[in-house]
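Here is a short report on one protein chain. It starts with a single side chain and works outward to the whole model.

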Amino acid sequence: MDGFGGDRQWCSVSTTLAPLLNHPDDDGPDLAPAQCAAMLPRLTAILGRRQPDDSDPVLRRRIEDVSQLITVLRFCVDKDVELIFG
């Protein structure tokens, strides 16, 4: 992907995760509750495909990270608040 050593533009990506994937980590527009809601099914599906492997601490950490992100996105949707970066 452009910006990560590749040459594919983010605008060519068709996924509900695009607002998250094409977002600066430290700044940028907040994500609206509707965007959070749109990402939840895909993230939940990704998490459901992975089982923790006790021999791989990096994978376990990534699974935990996705689980925490899902929790935050659900909170934003339930409370009708934006996901704020900064």
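## R61 and its exposure

R61 has a relative accessible area of 43% and counts as partly exposed. This is a predicted model, and the values below are computed from its atoms.

R61 takes part in a salt bridge with E64, with an N to O distance of 3.7 Å. The partner E64 is partly exposed too, at 38% relative accessibility. Why can these two side chains pair along the helix? R61 and E64 sit three residues apart in helix α3 (residues 57–79), so about one helical turn separates them.

## The rest of the network

R61 also forms a salt bridge with D65. Here the closest N and O atoms are 2.9 Å apart. The spacing in helix α3 is four residues, which again puts about one helical turn between R61 and D65. D65 counts as partly exposed, at 24% relative accessibility.

D65 has a further partner, R62. Their closest N and O atoms are 3.4 Å apart. Both residues lie in helix α3, three residues apart, or about one turn of the helix. R62 is partly exposed, with a relative accessibility of 49%.

How many salt bridges does the count give? The total is three. R61, R62, E64 and D65 are linked by salt bridges into a network.

## The two cysteines

What is the disulfide count? It comes to zero. C36 is in no disulfide, and its nearest cysteine sulfur, that of C76, lies 4.4 Å away. Seen from the other side, C76 is in no disulfide either, with the sulfur of C36 as its nearest at 4.4 Å. The cut-off for a disulfide is 2.5 Å between sulfur atoms, so this pair does not qualify.

Are these cysteines buried or exposed? C36 is buried, at 0% relative accessibility. C76 is buried as well, with a relative accessible area of 3%. The limit for buried is under 20%, so both values fall inside it.

## Fold and surface

The chain holds three helices and zero strands. Read from the N terminus, the order of elements is α-α-α. Helix α1 covers residues 18–21 and helix α2 covers residues 33–49. Helix α3 covers residues 57–79.

The chain has 86 residues, and 19% of them count as buried. Its exposed area is about 6,100 Å². Carbon and sulfur atoms supply 53% of that area. How do the contacts spread along the sequence? Take the contacts between residues at least 6 apart in sequence: 49% of these join residues at least 24 apart.

## Confidence

What is the average pLDDT of the chain? It is 84. Of the residues, 85% score at least 70.

Which helix has the highest confidence, and which the lowest? Helix α2 is highest, at a mean of 93. Helix α1 is lowest, at 82. Where pLDDT is low, the predicted coordinates should not be read in detail.

Definitions and conventions
Residues are numbered from 1 along each chain as its sequence is written. This is a predicted model: local features need pLDDT of at least 70, side-chain atom pairs count only at pLDDT 80 or more; totals for chains, interfaces and linings use all residues. Side-chain values use heavy atoms; hydrogens and water are left out. Helices (H or I, at least four residues) and strands (E, at least two) are DSSP runs, numbered from the N terminus. Buried means under 20% relative accessible area, exposed over 50%, partly exposed in between (1.4 Å probe, protein chains only). Contact means heavy atoms within 4.5 Å. Accessible areas come from the Shrake-Rupley method with a 1.4 Å probe; for residues, only the protein chains shown count as cover. pLDDT is the predictor's confidence in each residue, from 0 to 100. A salt bridge is a side-chain nitrogen of Lys or Arg within 4 Å of a carboxyl oxygen of Asp or Glu.
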